[in-house]
Amino acid sequence: MKPIIGITPSITAGTDSRPGRRFTLPANYVEAVAAAGGLPLILAPQDGPVDPVLDLLDGLILSGGPDIRPSRYGDQEVHPSVYGVDDLRDAFELALTAGAIRRGLPLLGICRGCQVLNVALGGTLIQDIPDQYDTDIGHRQSDQQIPDAEPSHDVAVEPGSLLETVYGATRLQTNSFHHQAIRDIAPGLRLAGRAPDGIIEAVWQPEAPWVLGVQWHPEMMFLAHPEHLRPFQALIAAASGARQASAAAD
Ligand code: MN
């Protein structure tokens, strides 16, 4: 049986003619999970306990999207560039993350998902890189007309980190679509990779069976650059191992 990988969607506004809000997810997340041998399941954001949702899953992906409410990481002042805050999504994803970590469920955080992972464990974020961080790298490559599937900056991989195990490399070329990033790494998480300007691009949890956050979007890159399927393959291998262990215990 394929491991079931839950993926959180975005919550987006409706249109003038159809005002109801929507739960949306770019199909490439689903395609990457399927290509890596998992069974993707999109998770409807909802109030209430998340244990019944986590009970369905062998692994979890926190997807990309707009910003987390800054008060979630202790910032009372909100930078004017902060956009798209949705309290239902924040609450759902933060609860899923805490629950997944409590259970030892394999977890991959992508872009916003990397930030959710950090905030869920008590870390903080830079609210706006262009305004609050000295860099000459454009971390929003769409501003430079670089295609989504192509890299725009390097990532130096921390030796001995889960990121090095996953990619089998000490330097990666990644895409970049973020105006925020991790400021202080949460207790329990460890640095896994940095951009050449020092921006934190990946974290992992050494004590966990398999927890990785990446600031780039491997799901946009894996067709053109197959090494970016590896985070999904490694997540699914970990999810499959966890499933077999729990079946053996039953
Ligand atoms: Mn970047």
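Select strand 6 and strand 13 (211-214) in this predicted model: the two pair in the parallel sense, over four bridges. Within that pairing, pick Gly-109, which stands opposite Gly-213 in strand 13.

Keep strand 6 (residues 107-110) on screen and show its side chains. Leu-107 and Gly-109 point one way, Leu-108 and Ile-110 point the other way, and all are buried.

Next add strand 5 (residues 59-62). Strand 5 also pairs with strand 6 in the parallel sense, here over three bridges. Which residue of strand 6 is the bridge partner of Leu-62? Gly-109 is that partner, the residue already seen opposite Gly-213.

Now bring in helix 3 (residues 87-103). Together with strand 5 and strand 6, helix 3 makes a β-α-β unit, and the unit is right-handed.

Move to the manganese ion and display its protein donors. These are ND1 of His-139, NE2 of His-153, OG of Ser-176, NE2 of His-178 and OE of Glu-201, at 2.2 to 2.3 Å from the ion. To find the donor residues along the chain, use the spacing H-x13-H-x22-S-x1-H-x22-E. Select two of them, His-139 and His-178: His-139 sits in the loop between helix 5 (129-132) and strand 8 (153-157), and His-178 in the loop between strand 9 (171-174) and strand 10 (181-182), so this pair ties together parts 39 residues apart in sequence. Are these two histidines buried or exposed? Both His-139 and His-178 are buried.

The next stop is aromatic. With ring centres required to lie within 6.5 Å, the count comes to one aromatic pair. Select Tyr-167 and Trp-216: their ring centres are 6.2 Å apart and their planes stand at 55 degrees, so the pair is tilted. The angle falls between the limits of 30 degrees for stacked and 60 for edge-to-face. Tyr-167 belongs to helix 6 (residues 162-167), while Trp-216 is in the loop between strand 13 and helix 7 (218-221), so the pair links parts 49 residues apart in sequence. Tyr-167 and Trp-216 are both buried.

Finish at Asn-28, in helix 1 (residues 27-35). Leaving aside residues up to four places away in sequence, Asn-28 touches Glu-219, Met-220 and Phe-222. Add Met-221 and draw a line between C-alpha atoms: Asn-28 and Met-221 are separated by 9.4 Å, although they lie 193 residues apart along the chain.

Notes:
Residues are numbered from 1 along each chain as its sequence is written. This is a predicted model: local features need pLDDT of at least 70, side-chain atom pairs count only at pLDDT 80 or more; totals for chains, interfaces and linings use all residues. Side-chain values use heavy atoms; hydrogens and water are left out. Rings of Phe, Tyr and Trp (its six-membered ring) pair if their centres lie within 6.5 Å; planes under 30 degrees apart count as stacked, over 60 as edge-to-face and the rest as tilted. Buried means under 20% relative accessible area, exposed over 50%, partly exposed in between (1.4 Å probe, protein chains only). Donors are N, O and S atoms within 2.8 Å of the metal (3.2 Å for Na, K and Ca); water is not among the atoms, so sites may look incomplete. Two strands pair if DSSP finds at least two bridges between them. A crossover is right-handed if, with the strands pointing away from the viewer, the path from the first strand over the helix to the second runs clockwise. Contact means heavy atoms within 4.5 Å.
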